[in-house]
Amino acid sequence: MPRGRARSQTIRLSRRRDTGFGRCALPMGAKVGYGRSVSDHPAESHRKAHARTLFAGLPAAYDGAGAALSFGQDPRWRRAMVATLDLTPGARVLDVAAGTGLVTAALRARYDCEVVALDQSPEMLARATARFADDPRVRTVLGEAERLPFADGEFDGLTFTYLLRYVDDVPATLGELFRVVRPGGRIASLEFGVPSGPVWRAGWRALTRTVLPLGGRAISRDWGEVGRFLGPNIEEFARAWPPDRLARAWISAGMARVVVRPMSIGAGVVMSGARSSAR
Ligand SMILES: C[S@@+](CC[C@H](N)C(=O)[O-])C[C@H]1O[C@@H](n2cnc3c(N)ncnc32)[C@H](O)[C@@H]1O
């Protein structure tokens with residue numbers, strides 16, 4: 001995640017055209033390697049249990065530490081993601097994996113909108129609840145992305161940030177997220193990525209294996225674990241779900257006009273689109 005000017009490139013996908021942004025060796029929406037079906041395994045998986053434990057210890061330092069560990073980049077990435085929603089006044093938006101509410105805050109700063117902020121961590125969500133205590137247009141809800149407590153098409157827009165590395169079944173979760181957005185409604189996500197050029201990738205790997213663990217440890221024991229976990233976890237996800245494969249999964253789950261925008265040489269990835277009217 002080096003500082004400096006982002007070399008961003010926008011990749012547009014349609015149902016018919018391949019992007020050339022890497023190759024998809026598997027059929028659209030195929031489930032391999034990265035996880036098992038939620039419905040097949042009602043008991044909580046190791047991945048889910050780890051996410052709950054991990055975030056329980058992070059809220060106090062989250063806002064500052066998250067920005068520091070991304071070398072100051074992720075507030076900018078969040079703003080870029082929020083900008084893609086292009087909401088009209090009065091829109092109702094669901095912010096999934098809201099955490100302490102940083103995306104919700106960016107949504108409220110940019111748009112005249114109502115936001116429902118949902119997260120599965122009571123500890124993270126408590127921060128968001130406190131942050132928006134005086135804002136009647138934000139409601140916080142404890143819940144899971146895999147089982148949203150909302151009706152079909154209830155929202156005009158939806159965001160999800162740093163979520164998919166923590167779920168067992170990526171295509172099923174995308175289907176559930178998109179279900180609650182009305183046809184034509186906008187959806188945007190932000191995830192960490194791995195820079196694509198060999199030189200940048202080597203630099204990124206060196207940073208994530210040295211600076212992140214050391215920087216995290218300097219903040220607290222819990223952040224030390226995050227620092228050690230993050231680099232290998234981002235790489236595992238990027239191998240299983242490179243941006244072009246993820247974009248195809250979005251399209252399979254009912255999205256149109258999907259745009260992938262690498263941020264900071266690919267260390268962040270903003271993905272956006274509109275829910276198609278024909279499903
Ligand atoms: C890295 S934080 C991101 C928080 C915030 N969106 C941001 O941009 O800073 C990831 C959040 O995802 C939440 N999370 C992980 N898996 C989830 C799931 N299946 N359903 C809902 N929230 C989940 C965690 O509790 C955590 O608060």
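Which residues of helix 9 (residues 243-252) are buried? In this predicted model, the buried residues of helix 9 are P243, L246, A247, R248, A249 and W250. Just after helix 9 comes G254, whose phi is positive at about 110 degrees.

**Overall architecture and confidence**

The chain has 279 residues, of which 43% count as buried. Its secondary structure consists of 9 helices and 8 strands. Among contacts between residues at least 6 apart in sequence, 70% join residues at least 24 apart.

The mean pLDDT of the chain is 83, and 84% of its residues reach 70 or more. Residues 1-41 are a stretch where pLDDT stays under 50; the model has 69 contacts beyond four places in sequence for them. Where pLDDT is low, the predicted coordinates should not be read in detail.

**The nonpolar core**

The largest nonpolar core contains 71 residues. Those with the most contacts inside this core are L94, V96, L107, L158, W250, V270 and M271. Helix 8 (residues 221-240) gives the most to the core, namely 6 residues. In soluble globular proteins, nonpolar side chains tend to be buried together.

One of the core residues named above, M271, can be followed in detail. Leaving aside residues up to four places away in sequence, M271 touches S189, L246, A247, W250, V258 and V260. Among these partners, L246, A247 and W250 are also buried residues of helix 9.

**Helix 5 and its surroundings**

In helix 5 (residues 122-131), the buried residues are M124, L125, R127 and A128. They lie on the same side of helix 5 because they cover an arc of only 150 degrees around the axis. The elements covering these buried residues include helix 1 (46-56), helix 4 (102-110), strand 3 (113-119) and strand 4 (138-142).

**The ligand shell**

The ligand is surrounded by 21 residues, the closest being A97, G99, S121, T161 and Y166. By class, the shell divides into 12 nonpolar, 5 polar and 4 charged residues. Helix 1 and helix 4 each supply at least two residues of this shell; both helices also help to cover the buried residues of helix 5.

**Individual residues**

The table lists three residues with their burial and the number of other C-beta atoms around each.

| Residue | Burial | Other C-beta atoms within 10 Å |
|---|---|---|
| V167 | buried | 24 C-beta atoms |
| R257 | partly exposed | 14 C-beta atoms |
| I265 | buried | 24 C-beta atoms |

V167 is placed in the loop between strand 5 (155-161) and helix 6 (170-179). Although V167 and A51 are 116 residues apart in sequence, their C-alpha atoms are 8.9 Å apart in space. V167 counts as buried because 24 other C-beta atoms lie within 10 Å, and 20 or more are required for that class.

R257 belongs to strand 7 (residues 255-263). Its phi is near 50 degrees, a positive value in a residue other than glycine. R257 is partly exposed because it has 14 other C-beta atoms within 10 Å, a count in between the limits of 12 or fewer for exposed and 20 or more for buried.

I265 lies in the loop between strand 7 and strand 8 (268-275). This residue is not a glycine either, yet it has a positive phi of about 60 degrees. With 24 C-beta neighbours inside 10 Å, I265 is therefore classed as buried.

Technical notes
Residues are numbered from 1 along each chain as its sequence is written. This is a predicted model: local features need pLDDT of at least 70, side-chain atom pairs count only at pLDDT 80 or more; totals for chains, interfaces and linings use all residues. A nonpolar core is a set of buried Ala, Val, Leu, Ile, Met, Phe, Trp, Tyr and Cys residues joined through C-beta atoms within 7 Å. Helices (H or I, at least four residues) and strands (E, at least two) are DSSP runs, numbered from the N terminus. Two residues are in contact if their C-beta atoms, placed from the backbone, lie within 7 Å. The arc is that of the directions from the helix axis to the C-beta atoms. A residue is near a molecule or strand if its C-beta atom, placed from the backbone, lies within 6 Å of it. Ala, Val, Leu, Ile, Met, Phe, Trp, Tyr, Cys and Pro count as nonpolar, Asp, Glu, Lys and Arg as charged, and the others, Gly among them, as polar. pLDDT is the predictor's confidence in each residue, from 0 to 100.
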